[in-house]
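Colleague: Please show me the model. I want to ask how you back up each label you use.

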Amino acid sequence: MGADPAAGTDRRAWLVWGAGVLAYLIAVTQRTSFGVAGVEATERFDATASALAVFTVAQLVVYAGLQIPVGVLVDRFGPRIMIVSGAVLMALGQTQLAFAESITAGIVGRLLVGGGDAMTFVAVLRLLPAWFETRKIPVLTQLTGILGQLGQILSVIPFLAVLHLAGWSTAFLSAASLGVLSAVLGLALIRDHPEGNGQRSRASLRQTGVSLTEAWKQPGTRLGLWCHFTTQFSGTVFVLMWGYPYLVSAEKLAAGTASVLMTLFVVVGMICGPLLGVYVARHPLRRSTMVLAITAATALAWLVVLTYPGKAPVWLLVLLVVTLAVGGPGSMIGFDFARTFNPASRLGTATGIVNIGGFTAALLTMFAVGLILDLLLASGFSNGDLYALESFRIAFAVQFVVLGIGTVAVLVLRRRVRAQLARQSIIVPPLRQAIAREIRRRREVQR
Ligand SMILES: N[C@@H](Cc1c[nH]cn1)C(=O)NCC(=O)O
């Protein structure tokens with residue numbers, strides 16, 4: 001089933017991983033820095049809300065669109081050069097944004113940031129099998145994901161403080177300097193492999209095409225993609241775009257309370273990540289069951305909130321945010337499928353394929369929610385209030401379609417994966433039978 005580690009864990013491995021995680025954390029800071037500067041961006045570019053949304057959407061489209069090429073390049077040239085190049089590209093993008101005075105110049109900056117960002121995460125995950133033992137990888141994958149999310153906090157606190165105290169150009173130049181730091185540390189500390197940087201594939205273009213096809217044909221890779229698709233999008237849509245206007249304008253929460261809920265989202269994700277990592281390491285044959293459970297919980301939470309008569313109470317919104325937050329670490333299970341069903345030589349490619357899932361679902365949902373809100377406003381349903389509670393109820397319901405499509409895809413691919421495992425004499429017993437066996441085993445241990 002999986003690729004075996006090339007080396008044991010030592011101090012060097014932690015240094016390499018630490019530099020990789022720092023590069024990812026800084027990439028998340030670059031990714032989220034524009035979002036927190038919305039008010040200043042409106043003034044600087046004299047832009048409408050929808051023009052500003054183009055900055056974020058363009059950046060995410062580039063990010064998602066580059067995942068497969070980046071995955072292929074990671075396998076071909078190794079993670080180190082990709083992490084360093086990504087950091088340089090993001091530094092250039094933030095510098096461009098620091099001096100941009102037109103919307104077009106600003107969007108060019110964000111496109112560069114999206115491109116550099118796309119190169120980072122897939123490359124950092126590619127370091128793990130080269131440096132760590134297989135049993136440690138699920139937890140380290142989760143830790144990589146959650147530590148990276150701290151980059152959002154760098155955007156919300158120090159970056160915003162510099163923006164308010166020293167202005168637009170200084171703030172974005174400071175973010176650019178973080179990119180330079182990340183590139184220097186990457187060059188100094190990251191090695192693709194314990195034996196150096198020469199482990200990359202020397203595949204021809206044709207072989208690269210074959211490897212991409214093989215990664216895609218592998219049902220385990222596509223199961224990973226759909227797991228990522230189904231678990232991550234709802235939280236991403238909420239945090240990056242529609243959560244704040246929904247909480248403040250539709251549910252009438254105070255701005256401070258809405259910010260606390262957004263912070264809760266990050267904290268819950270950080271707590272759940274390692275727990276899910278341990279679960280995946282202990283129950284590798286039950287990963288998709290966890291994905292389906294998270295999906296069901298997300299659907300249930302939205303169902304209760306959206307059908308609640310009148311404004312939802314704060315405790316219910318807290319429950320919703322907690323449930324959505326589990327989706328972030330939940331989506332990391334998708335990368336575990338990529339790792340265990342592909343040889344190390346095409347791990348970057350497979351990881352890139354998986355990473356498209358959640359971001360594509362998020363982009364489609366963001367767009368659909370915006371479109372439905374606009375249509376309801378134009379039809380007179382919203383009584384002139386774009387963000388009316390009744391309109392959000394209808395617009396957010398589109399998520400059930402996305403959750404439904406994802407669930408069916410996970411179930412179909414899971415069946416194919418299990419059939420493939422059965423051909424290797426690995427039988428996954430029905431869940432009820434497995435639970436009964438586990439209970440019997442525990443009773444016997446206690447006796
Ligand atoms: N699932 C996310 C990462 C994550 C972990 N915990 C919460 N979110 C993911 O796919 N990340 C890819 C990236 O580039 O950020």
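Colleague: Which helices build the shell around the ligand, and what makes a residue part of it?

Modeller: This is a predicted model. A residue counts as near if one of its heavy atoms lies within 4 Å of the ligand. Helix H1 (11-36), helix H8 (137-166), helix H11 (219-250), helix H14 (314-340) and helix H15 (347-378) each supply at least two shell residues. H14 gives the most, with 5 residues.

Colleague: Which residues come nearest to the ligand?

Modeller: The shell has 15 residues. Tyr-24, Tyr-63, His-228, Gln-232 and Ser-331 come nearest.

Colleague: What makes the pair between Tyr-63 and the ligand a polar contact?

Modeller: The cut-off is 3.5 Å between N or O atoms. A polar side-chain atom of Tyr-63 lies 2.3 Å from an oxygen atom of the ligand. That is within the cut-off, so the pair is a polar contact. Tyr-24 passes as well, with a polar side-chain atom 2.5 Å from a ligand oxygen atom. Gly-328 uses its backbone: an N or O atom there lies 3.2 Å from a nitrogen atom of the ligand.

Colleague: How much of the ligand does the protein bury?

Modeller: Taken alone, the ligand exposes 380 Å². The protein buries 93% of that. The space the ligand takes is the largest cavity.

Colleague: How do the shell residues divide into nonpolar, polar and charged?

Modeller: There are 7 nonpolar, 7 polar and 1 charged. Tyr counts as nonpolar here, and Gly as polar.

Colleague: How many helices and strands does the protein have?

Modeller: It has 18 helices and 0 strands.

Colleague: Why is the protein called as compact as a globular protein of its length?

Modeller: Its radius of gyration is 22 Å. The globule rule gives 22 Å for 447 residues. The two values are close, so the label holds.

Note on methods
Residues are numbered from 1 along each chain as its sequence is written. This is a predicted model: local features need pLDDT of at least 70, side-chain atom pairs count only at pLDDT 80 or more; totals for chains, interfaces and linings use all residues. Side-chain values use heavy atoms; hydrogens and water are left out. A polar contact is a pair of N or O atoms within 3.5 Å; within protein, one must be able to donate a hydrogen and the other to accept it, and residues adjacent in sequence count only if both atoms are side-chain atoms. Accessible areas come from the Shrake-Rupley method with a 1.4 Å probe; for residues, only the protein chains shown count as cover. On a 1 Å grid over the protein atoms alone, a cavity is a set of points where a 1.4 Å probe fits but cannot get out, and a pocket is an open set with protein on both sides within 12 Å along at least five of seven lines; lining residues have an atom within 4 Å of a point. A molecule sits in a cavity or pocket if more than half of its atoms lie within 2 Å of its grid points. Helices (H or I, at least four residues) and strands (E, at least two) are DSSP runs, numbered from the N terminus. The radius of gyration is taken over C-alpha atoms; the globule rule is 2.2 Å times the number of residues to the power 0.38.
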